[in-house]
Structures are given as structure tokens and as C-alpha cells.
Amino acid sequence: MQKLSNPSLLLLRNEDELTGNNILVINHSNDGFLSQLAALNPNAQINAFSYNFADHKAASKVNSVTSYVDHSLPELEQLDLVIYYYPKSKPEAQMMFANIRAVCSSSTRLLVVGENKGGVKSAEKQLKDHAQDCFKLDSAKHCILYEFDQLTPEKCFDITDYHQQFSVKTADQTFNAISVPGVFNHGKLDIGTELLLNNIDLPIKGQALDFGCGAGIIATFMLNKRPELSMHCLDVSALAVYASEQTLKLNGHSGRFILSDGLSEVTEKYDAIISNPPFHTGLSTDYSIAEAFIKNAKHIMNKRASLQIVANSFLKYQPIIEQHFGAYRTIIKNTKFAVYRADNA
């Protein structure tokens, strides 16, 4: 039995508010809420949307739910209820509110739920000028549930309005990248990736994978040096995959873009895998994605292929790398980050 998150529990104790004929749930987690919502509305059209491929795959398995994953909401007609789980990124929420208003009518009810520490109270300010009415329906378990009515419709939503172009200066390169809200380290080069790029050993040729591609900074750096590489960019976030595609295009490169939960959608083998693997999920710290990646990476590596990753120094990845590769090298380590390399002998 899946354990419901606190925002889902708060929603379900207000089940009278969760009724409609055409319902859209956004940024849901895989906690069983969609099944309970479908049970409350047996004759309704239940739609689920996420930027996250893993949550999309889980929602796709729920009976009576149509799930979508993309960088923008699908065009759905006559929505009478939208339920939005407030994200940890306020700029992402601002972008999503504009997207919601572009697919809603003035008669659509919007419920916004989230944790206090996740910044859900910001929803009131963000929607102040775009909704006629705002009600605080309930609060419990350090969460708040809001209702917004008579939303001001947005004529259309264009994600390019939210592009942020920024300059990347690292090693001997300077180039521009494009990010959008909700992408890791939105709008700047993070210090972990910078350490990795300053110490990277690039393959001469073949196929390379940027796992957890973010805004495509690693992939662009590699292609600037080795344009003959076949570069694949993978992320669980549709926003990240989109941003990577924009960054590569901006720099005159092409690549293959893979939306995947871990390595689940990978069908090729690689001569190099480079990664600043994710270890945050929602508001909590989660190492399982990176651990599963290291465990399974060897299976998609050609002989003599290399795995190069950067990780927080406090994360105990060394024994995991050693367990699956037999040996590894610490290329560089400081008080915050370490760069490791392992080879498929």
C-alpha cells in the first residue's frame, strides 16, 4: 500500500472539493492519490501531467487516468477542476500558473496544495492579480490547501518567454546556455559541474552520454571540444531535456535527447558516460537515483569505456563504484566535491 504524502492527505480530507467532469492533476507524486481521486469521480475524465518522466510512468498505470509528460500542458477542453501540487521552485510555479491560465476558462476551479516549507504560501501573491477569489480551504500537517476561482485566462502559453540565456565560463571555454525554470541550477553553472569540466578526460570518438543533463552544459562543453562525438542527453525532467536541446541548438550542435527514469529508456551502449548525478528529490535528500545509475552504468558501457562523475564529498559513492567496477580513481577532491573515474576494463 502506497503511503500518501501530506499534501495528498490534506486534499483527501476535503474530498467534497475534488469533484468535476474533467479534472487535471499537475505535479502529482506516486503516492496513490490519483487512484483515490478516480474512485471519487468514477464518471469523470481524469488527466495527470508532470514534467517528471518517472511520475508520468506511474500515473500511466492508474486505471481511468490519462497521463501526459512534456515541457508544457496539453490543450484540454472544458476543464472544470485543476489540482496543482506546489513545487519547490517558485519560478517554476510562476511559469506553471501562466500555463494553467492558458488552458483554463474563467469557470475552472484551481486547487493549490503544498508544504509550508516548500513555499506554498507564495501562491497567494503569485495569483493575486490573476484570480477573482482566493480561499484558504484547509491547513494541516504543515501543509495548506488553497482554492482560486475566476482565473484570468491567458491567450496562449509559450515556454520561450521563460528562456533564460546565460554565459558559461569554464576550463578554456566560454559559451551561452539556455535554461527554463525548474531545471537544476537554473541560470548558472553550478560548482560541481565546473569542477568536473575542469578535470574531464574527453573521449576521442564514439558515443557519449550526459546523464542528468540539466541545461546541457556538459554535453555542449564536450561537443565544443569533440564535435565528432555522438552525444546523448538524458534526464528524468522534460524541462531539462527541452533546455538541453535549446542549448545544443544555440551552439550549433545536435544530439539525441532521452526522457528516462534512470537508464530505463536507454537502448544504446556508450564509450563515455559523464554525469553530475542528481541526489535531491522534492524537499528531501535522496541518493537512490545516483546509486542505481552507478550500479547499472556498466551494462551500457562498451569495453574500455569510462564513467566520470562528480559528487558531493560527503556522499559515500566510492564503495558503490568499487563494488560494480572493481576499481576507481579519485581525480580531484575538495571540501565540497569529488570527481571519480571508473573504466570498463
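User: How many of the 345 residues of the protein chain count as buried, and what makes a residue buried?

Analyst: In this predicted model, 53% of the 345 residues of the protein chain count as buried. A residue is called buried because its relative accessible area is under 20%.

User: Why is Phe337 called buried?

Analyst: Phe337 has a relative accessible area of 13%, and the cut-off for a buried residue is under 20%, so Phe337 counts as buried. Phe337 is found in strand β18, which covers residues 337-343.

User: Which residues does Phe337 touch, leaving out residues up to four places away in sequence?

Analyst: With those left out, Phe337 touches Ile191, Gly192, Leu195, Val310, Ala311, Asn312, Ser313 and Ile332. Each of these is called a contact because heavy atoms of the two residues lie within 4.5 Å. Ala123, by comparison, lies 214 residues from Phe337 in sequence and 35 Å from Phe337 in space, C-alpha to C-alpha.

User: What makes the protein chain as compact as a globular protein of its length?

Analyst: The protein chain has ten helices and 18 strands. Its radius of gyration is 21 Å, and the globule rule gives 20 Å for 345 residues; the two values are close, so the chain is as compact as a globular protein of that length. Along its principal axes, the C-alpha trace spans about 60 × 40 × 35 Å.

User: What share of the contacts between residues at least 6 apart in sequence join residues at least 24 apart?

Analyst: Among those contacts in the protein chain, the share that joins residues at least 24 apart is 65%.

User: Which residues of helix α3 are buried, and what covers them?

Analyst: In helix α3, residues 53-60, the buried residues are Phe53, His56, Ala58 and Ala59. What covers them includes α2 (33-40), β2 (45-50), β3 (65-69) and β12 (256-259).

User: How do you know that Asn52 caps the N-terminal end of α3?

Analyst: A side-chain oxygen of Asn52 lies 2.9 Å from the backbone nitrogen of Ala54. A polar contact needs a pair of N or O atoms within 3.5 Å, so this pair meets the distance cut-off, and Asn52 is said to cap that end of the helix.

User: What lines the second largest pocket, and what is its volume?

Analyst: The second largest pocket has a volume of about 170 Å³. Of its 13 lining residues, Pro203, Ile204, Asp271, Arg304 and Ala305 are the closest to its centre. Strand β16 (residues 301-312) gives the largest share of the lining, five residues, and the lining as a whole divides into four nonpolar, three polar and six charged residues.

Conventions:
Residues numbered from 1 in each chain as written. Predicted model: local features only at pLDDT ≥ 70, side-chain atom pairs only at ≥ 80, totals over all residues. Heavy atoms only, no water. Buried < 20%, exposed > 50% of the residue type's maximum accessible area, 1.4 Å probe, protein only. Helix = DSSP H or I, 4+ residues; strand = E, 2+ residues; numbered from the N terminus. Polar contact = N/O pair within 3.5 Å; in protein donor to acceptor, adjacent residues only side chain to side chain. 1 Å grid on protein atoms, 1.4 Å probe; cavity = no way out; pocket = protein on both sides within 12 Å on 5 of 7 lines; lining within 4 Å. Points joined across faces, edges and corners; volume = space filled by probe spheres on them. Nonpolar A, V, L, I, M, F, W, Y, C, P; charged D, E, K, R; others polar. Rg over C-alpha atoms; globule rule 2.2 N^0.38 Å.
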